[in-house]
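Reader: Could you take me through a single part of this model closely, and then turn to any backbone features that deserve a second look?

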Amino acid sequence: MYHAEFMSKPILIDPLKFAREGRSLSGQVPVGELDERVRSDLADTSGEVRYQLDGFRDELQRLSLRIRLTAALQVTCQRCLDGMPFSLTTDSVVTLFTNQDKLEEACDLDDALDAILAPEELDATALIEDEIIMGLPHSPKHDECGRDTLSLAKADKPNPFAVLAALKRPKSE
Ligand SMILES: [Zn+2]
């Protein structure tokens, strides 16, 4: 049983059971209530992360969790250090194992595999936080920092047609 009214609290699931029974869970977590390791990467902590968690068996019949996130976040521009909007969308699968040897064997066969030893109880909030951290850009930058001041500066430049005319003039002489 889940207590949807306490979304900022840990979202505890039994991952194996969740996957075996093909359960789904969705909701929203306020960004401001996520762990410090996520918040420290953001320019501000407004907004919410929408999540969708689905349990299933993959093509090899392995119990798995699919986790999808969408969030409108504010990251910090690494050039001007102002905030910039970043639209986060992630879609990942975590494959569950109950045996360390099998997990390692599977990871050796598939570099892209995201595998965990399934605990009896898993906090889905931690999964969500991991996904956000992995989904954030490493060095976000505005296309044009402080665009307002930049367009004012541009307006002071000579008319481009006047510049063009000046360039053409020597050739005609
Ligand atoms: Zn910037």
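Author: With an expected span of 1.5 Å times one less than the number of residues, the twelve residues of helix 4 (residues 124–135) should cover 16 Å, and the end C-alpha atoms of helix 4 are indeed 16 Å apart, so the two values agree. Helices (H or I, at least four residues) and strands (E, at least two) are DSSP runs, numbered from the N terminus. This is a predicted model, in which local features need pLDDT of at least 70, side-chain atom pairs count only at pLDDT 80 or more, and totals for chains, interfaces and linings use all residues. Residues are numbered from 1 along each chain as its sequence is written, and side-chain values use heavy atoms, with hydrogens and water left out.

At the start of helix 4, a side-chain oxygen of Asp123 comes to within 2.9 Å of the backbone nitrogen of Thr125. Thr125 is also one of the buried residues of helix 4 (under 20% relative accessible area, with a 1.4 Å probe and protein chains only), the others being Ala124, Leu127, Ile128, Glu129, Glu131 and Ile132. Among the elements that cover these buried residues, through heavy atoms within 4.5 Å, are strand 2 (24–30), helix 2 (36–39), strand 4 (48–57), strand 5 (63–76), strand 6 (83–97) and strand 8 (122–123).

Two loop residues deserve attention for their backbone. Most residues other than glycine have a negative phi. Gln61, in the loop between strand 4 and strand 5, has a positive phi near 65°, and Gln61 counts as exposed (over 50%) because its relative accessibility is 52%. Leu81, in the loop between strand 5 and strand 6, has a positive phi of about 65° although it is not a glycine, and Leu81 is exposed, with a relative accessible area of 59%.

Definitions and conventions
A polar contact is a pair of N or O atoms within 3.5 Å; within protein, one must be able to donate a hydrogen and the other to accept it, and residues adjacent in sequence count only if both atoms are side-chain atoms.
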